[in-house]
Amino acid sequence: MPTYVARVRDSKGKPKKEKITAKSPGEARSGLRARGFFIQELKQAQEFKLKGNLNLDQLQLALTSVSVKDKAVFSRQFAALVNAGVAIVRSLGVLSEQCSNPKLKKALVAISDDVQQGMNLSEAMRKHPDCFDNLYVSMVQAGEVGGVLDEVMNRLSKLLEDVARLQNQIKAALTYPVAVGILAVLIFIGMTVFLIPIFADIFIQLGTELPALTKFMLWISGILRSWRVLIPIVLFIAGGFAYRQYYRTRVGRETIDRLSLKMPLFGDLIQKSAVARFSRTFGSLTRSGVPILTALEIVRDTAGNQVIANAVDASRKEIQQGGMISLALQKENVFPIMAIQMISIGEETGELDQMLMKVADFYEDEVEQAVKAITSIIEPIMIVVLGGMVGLILVSMYLPMFKVFETLG
């Protein structure tokens, strides 16, 4: 009989992993429920076997990812079908047929089969973490329990659309400087490798002594045209690998994420985007009926910054002891004062979800303004850098010309 691995919660709500041997997934679930566990995820233990043939379809699925936009479109369409009275199984079948993402399409077909066999929609979605994360599944589960699945799917689509818009704004701030930086490096390398040696040979044949700047640029050109160019490349790769290994440690992640919040220009943007994402996600979860402790746990895991995640975890522990979210966030000194005050007012008035949405709206607007400000500052800086690099090469070529003119004079 196959062995199944499950992520469950015991009667006290403590998460843990359990293994069970059963004839089918249904029998495994029944056995775990009989032992008093609440099942979050159940999957069959994998047996790794080497295959001689390469399956191109599996390779395509492995390389394909489900974007936030894909999930937002699915949620909007699914909510419309459910609201129109179409059965869940039929809705999933319709959406799977028109889905253009192969990974999401395969997941929807499998989810439709599981639901047809009597499984809950949220439990079926939990089997596909590459497509539907804990945030998504928890909101769907709350919608099923409350009988408002269509409303929850609409909230999910709105949440995902806001997240996608926020990500696009941040990417827009980085696209221009990255593109100009790459262009500057390519121009610098091209002129250094191909142009400077030609002019240097001409000056040497004329018997002109090369200036120090031209000699320095020739030295760089010699490095770029020889095997020594591999040294900085290897050092760069080794540095990137060391950075990734250090960031995987808890201390490294906390240190780097804390420094990122203090970066000039981008630190403020990172903080505001994190506050907006926290507020939007937490507000959507609580509004959908997800318990506050569970919602904070999900928000902590999706924070994207370890310092922010630590602050959220501290607020979760504070609530377990009967405290308030705003006080815990204030102790961590990570969230802006205005956000903390608005959350505090929401707790006092009993309208925390509405206040969180207002906080998210405010800081999303702040992120948009910060992106525009950063772009307006970076654009002239990058132009000056590009001009400086090209000018450095041109000056290194023109200096020997002046000496040639002096000699001829």
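**Exercise 1. The pair in helix 10**

By about how many helical turns are Y243 and Y247 separated in helix 10? Then decide whether each of the two residues is buried, partly exposed or exposed.

*Solution.* The structure is a predicted model, and every step below is read from that model. Step one is to place the residues: Y243 and Y247 stand four residues apart in helix 10, and therefore about one helical turn separates them. Step two is to recall that a residue is called partly exposed when its relative accessible area falls between the buried limit of under 20% and the exposed limit of over 50%. Step three applies these limits: Y243, at 46% relative accessibility, is partly exposed, and Y247, at 26%, is partly exposed as well.

**Exercise 2. A ring pair in the core**

Find which kind of aromatic pair F278 and F335 form, and work out how F278 fits into the nonpolar core.

*Solution.* Begin with the geometry: the ring centres of F278 and F335 are 5.1 Å apart and their planes make an angle of 80 degrees. Planes over 60 degrees apart count as edge-to-face, and so this pair is edge-to-face. Next, look at where the partners lie, for F278 belongs to helix 12 while F335 sits in the loop between helix 15 (325–332) and helix 16 (337–349), so the pair ties together parts that are 57 residues apart in sequence. Both partners are buried, F278 with a relative accessibility of 3% and F335 with one of 5%. Finally, turn to the core: the largest nonpolar core has 76 residues, and F278 is listed with F74 and F132 as having the most contacts inside it. When neighbours within four places in sequence are left aside, the contacts of F278 include L296, V299, V312, L329 and F335. A general tendency agrees with this arrangement: in soluble globular proteins, nonpolar side chains tend to be buried together.

**Exercise 3. Three salt bridges between distant parts**

How many salt bridges does a search of the whole structure find? For K71 and D133, for E161 and R76, and for R280 and D361, state the distance from N to O, and then locate the partners.

*Solution.* The search of the whole structure finds 16 salt bridges. In the pair of K71 and D133, the side chains meet at 3.9 Å, N to O. This pair links distant parts of the chain, since K71 is in helix 3 (residues 68–83) and D133 is in the loop between helix 6 (121–125) and helix 7 (134–146), 62 residues apart. K71 is buried at 10% relative accessible area, whereas D133 is partly exposed at 29%.

In the pair of E161 and R76, the distance is 3.0 Å, N to O. Because E161 lies in helix 8 and R76 in helix 3, the bridge ties together parts that are 85 residues apart in sequence. E161 is partly exposed, with 33% relative accessible area, and R76 is partly exposed too, at 34%.

In the pair of R280 and D361, the side chains meet at 2.5 Å, N to O. Here R280 is in helix 12 (residues 266–287) and D361 in helix 17 (residues 352–408), and the two residues are 81 apart along the chain. R280 is buried at 6% relative accessibility, while D361 is partly exposed at 37%.

**Exercise 4. Buried or exposed?**

Decide for P177, R316 and L235 whether each residue is buried or exposed, and describe the surroundings of each one.

*Solution.* Take P177 as the starting point, which is found in helix 8 (residues 149–205). Its relative accessible area is 14%, which means that P177 is buried; leaving aside neighbours within four places in sequence, P177 is in contact with I378 and M382.

Continue with R316, a residue of helix 14 (residues 306–320). With a relative accessibility of 16%, R316 counts as buried, and, with the same neighbours left aside, R316 is in contact with L293, L296 and E297.

End with L235, which has its place in helix 10 (residues 230–248). At 59% relative accessibility L235 counts as exposed. L235 also belongs to a nonpolar patch on the surface, whose members include W227, L230 and F236, and the patch has about 920 Å² of accessible area together.

Key
Residues are numbered from 1 along each chain as its sequence is written. This is a predicted model: local features need pLDDT of at least 70, side-chain atom pairs count only at pLDDT 80 or more; totals for chains, interfaces and linings use all residues. Side-chain values use heavy atoms; hydrogens and water are left out. A nonpolar core is a set of buried Ala, Val, Leu, Ile, Met, Phe, Trp, Tyr and Cys residues joined through side-chain atoms within 4.5 Å. Buried means under 20% relative accessible area, exposed over 50%, partly exposed in between (1.4 Å probe, protein chains only). Contact means heavy atoms within 4.5 Å. Patches are made of residues with over 30% relative accessible area and no salt bridge: like charges are joined within 9 Å, nonpolar side chains (Val, Leu, Ile, Met, Phe, Trp, Tyr) within 5 Å. Accessible areas come from the Shrake-Rupley method with a 1.4 Å probe; for residues, only the protein chains shown count as cover. A salt bridge is a side-chain nitrogen of Lys or Arg within 4 Å of a carboxyl oxygen of Asp or Glu. Rings of Phe, Tyr and Trp (its six-membered ring) pair if their centres lie within 6.5 Å; planes under 30 degrees apart count as stacked, over 60 as edge-to-face and the rest as tilted.
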